[in-house]
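Q: I would like to learn how to read a structural model feature by feature, with the general idea first and the particular case after it. Could we go through this one together?

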Amino acid sequence: MINRFFSPEEMQAQKDCAASVRKIVTDRDIYSRPLRAHVMTLGCQQNEADSEKLEGMALEMGYTLTDTPEKADLILVNTCAIREHAEQRALSFIGNFKKLKAANPYLVVGVCGCMVSQEHRINDIKHKYPYVDFVFGTASLHRFPSLLYEALKKKKRVFFHSGEEDYLVAEGLPIHRNGKTHAWVSIMYGCNNFCSYCIVPYVRGRERSRRREDIVAEVRELVANGYKDITLLGQNVNSYGKDGQYGYDFADLLEELAQIDGDFYLRFMTSHPKDVTDKLIKVVTLYPKIAPHFHLPLQSGSDRVLRTMNRHYDMAKYLSTVEKLRALNPDITLTSDIIVGFPGETQEEFEETISALENIRFDMIYSFIYSARKGTPAAEMEDQIPREEQNRRYSRLLAVQQDISLAKNTPLVGRTERVLCDGISKNDPTVYCGRTPGNKIVFFAGDESMTDSFVNVKIDRAEAFALFGTVVKN
Ligand code: SAH
Ligand code: SF4
Ligand code: F3S
């Protein structure tokens, strides 16, 4: 069996480094006051989950946490590389730290995550951002203590380049969870699919799964601690266990987790349509603890485009999966990702995507304008679509989906939904908000006692992106 885990010795060495950093950070001869750390997260849930570990390690190293970069003595930016815009955002944040560094002599700045898992971006940081002290990629998350130690102790800049052999599983890192009811649980890392447009396989390495017993123990502990909404994470969760270590697949894992006692929902992200099995569909629709929501990225409604995207399914296969899901649960929430303006996408092929939306009727989609990623095959393809045309297709896609989302939400009016209340809405402080098991946002008049609990809400009104209702007696 391939050793897919960092060795206990390596993990212990990092713990020792964390203790050494703690000694420095809490030494009042060096620092006259307690030090604060700020972890800034860009990108997907996987990055959010990683950041909770980075925060856990920062606490272990003697820092307190702050939400405000201006108040921080350690800033770590956990970056994303999925589209050009994500990288530009990261670089512009990093650019702002120059003046913070000038104002705070204690400040140490680190950059980690997907963007700096690419050689050319490591070089950019090295040469254009001299106030960045240390850099490490996704494979080296657990090395945060040793790299920070080097930066602090030797007062030199540290650029850690991960090799292929570094893409392993790091078990046992401390986690500082940012929610009291929602929790992320990574079940696997990396991606083997190499969709032609996507940078993820290059910045997250090959697929490797965590041990089933480690996942089960983590979920049990979360449930015991009152977590009510647990999302299993992976770039392609359907590949869980496929590396053949356990004789055990994602459907088996989900089934085992769904039988843990307690009042909670399980969710999972993301599934690749090529790997959805009948067994998985059965498990997802059978257990009440598995939330009735399936996120299944379609990307395009054209078979030719799907082929050049290297997605390994066609519309017929995708539609048959949707049919099977809806046959077992007609109310299941179905969401998707769509890319518009992929190289060579003709007007007719774009119309095929529109027809697919009208035909499938997703509850919601995340839509993206294709962004060329350096090093991916699609970036080298001819017929890159001009920006104005991409924008035009994007607007049309959004308009079509808006009508569909509204039509999908409207029949919920009059129904009572079990909503997990997140508290006062960030956008409108006069209302409370939460999500249905099908992952739809609901706004309602509430009170503080409802925060972090399930409440029954009768839906009074539907919009395309939200529901509005009234709390009814449980
Ligand atoms: N592993 C997940 C997706 C991760 S990225 C999956 O395969 O479903 C999330 C979404 O970003 C993708 O589904 C895709 O729609 C979009 N995306 C990825 N690369 C992109 C690119 N180069 N340009 C635009 N959108 C992209
Ligand atoms: Fe990217 Fe495709 Fe892997 Fe998803 S499955 S992360 S889109 S390569
Ligand atoms: Fe971005 Fe990396 Fe996630 S590229 S979308 S943060 S896996």
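**Reading the model, from domains to rings**

A: In this predicted model, the C-alpha centres of domain 1 and domain 3 lie 36 Å apart. Where these two domains touch, domain 1 contributes 6 residues and domain 3 contributes 5 residues to the contact.

Q: Into which domains is the protein chain divided?

A: The assignment gives domain 1 as 8–166, domain 2 as 179–291, domain 3 as 297–412 and domain 4 as 413–471.

Q: How should I read the burial of a helix, taking α5 as the case, and how many of its residues are buried?

A: A residue is called buried when its relative accessible area is under 20%. In helix α5, residues 144–153, 7 of the 10 residues are buried, so the helix is largely enclosed by the rest of the structure. The buried residues are Phe144, Pro145, Ser146, Leu147, Leu148, Ala151 and Leu152.

Q: What covers the buried residues of α5?

A: The cover includes two helices, α1 (8–25) and α2 (45–60), together with the strands β3 (74–79), β4 (108–113), β5 (134–136) and β6 (158–160). After α5 comes Lys155, with a positive phi near 50 degrees. Phe144 of this helix also belongs to one aromatic cluster, which it forms with Phe134 and Phe136.

Q: How is a pair of aromatic rings described?

A: The description rests on the distance of the centres and the angle of the planes. This structure holds 14 aromatic pairs. In one of them, Tyr265 and Phe454 have ring centres 5.8 Å apart and planes at 75 degrees, and because an angle over 60 counts as edge-to-face, the pair is given that name. The pair links distant parts of the chain, since Tyr265 belongs to strand β11 and Phe454 to strand β18 (residues 454–462), 189 residues apart. Tyr265 counts as buried at 12% relative accessibility, and Phe454 counts as buried at 12% as well.

Q: Which parts does the pair of Phe268 and Phe294 tie together?

A: The geometry comes first: the ring centres of Phe268 and Phe294 are 5.2 Å apart and the planes stand at 85 degrees, so this pair is edge-to-face. Phe268 lies in strand β11 and Phe294 in strand β12 (residues 293–295), so the pair ties together parts that are 26 residues apart in sequence. Both Phe268 and Phe294 are buried.

Q: Where does a charged side chain sit over a ring?

A: The charged end of Lys126 is placed over the ring of Phe159, 5.1 Å from its centre. In another case, Arg461 lies over the face of Phe468, with 4.1 Å to the ring centre.

Q: Is Thr270 buried or exposed, and what is it in contact with?

A: Thr270, in the loop between β11 (265–269) and α9 (278–286), has a relative accessible area of 17%, and because this is under 20%, the residue counts as buried. Leaving aside neighbours within four places in sequence, Thr270 is in contact with Gly234, Gln235, Asn236, Val237, His295 and Pro297.

Q: How do I read the shell around a ligand, and which residues surround ligand 2?

A: One lists the surrounding residues and then looks at their classes. Around ligand 2 are Cys191, Asn193, Phe194, Cys195, Tyr197, Cys198, Val200, Pro201, Gln235, His272 and Arg311, and by class this shell has 7 nonpolar, 3 polar and 1 charged residues. Ligand 3 is surrounded by Gly43, Cys44, Asn47, Cys80, Ala81, Ile82, Cys114, Arg204 and Gln235, with 5 nonpolar, 3 polar and 1 charged residues in its shell.

Notes: Residues are numbered from 1 along each chain as its sequence is written. Chains are lettered from A and ligands numbered from 1 in the order in which they are written. This is a predicted model: local features need pLDDT of at least 70, side-chain atom pairs count only at pLDDT 80 or more; totals for chains, interfaces and linings use all residues. Side-chain values use heavy atoms; hydrogens and water are left out. A residue is near a molecule or strand if one of its heavy atoms lies within 4 Å of it. Ala, Val, Leu, Ile, Met, Phe, Trp, Tyr, Cys and Pro count as nonpolar, Asp, Glu, Lys and Arg as charged, and the others, Gly among them, as polar. Helices (H or I, at least four residues) and strands (E, at least two) are DSSP runs, numbered from the N terminus. Buried means under 20% relative accessible area, exposed over 50%, partly exposed in between (1.4 Å probe, protein chains only). Contact means heavy atoms within 4.5 Å. Rings of Phe, Tyr and Trp (its six-membered ring) pair if their centres lie within 6.5 Å; planes under 30 degrees apart count as stacked, over 60 as edge-to-face and the rest as tilted. A charge sits over a ring if NZ of Lys or CZ of Arg is within 6 Å of the ring centre and within 35 degrees of the ring normal. Domain bounds come from an automatic or database domain assignment.
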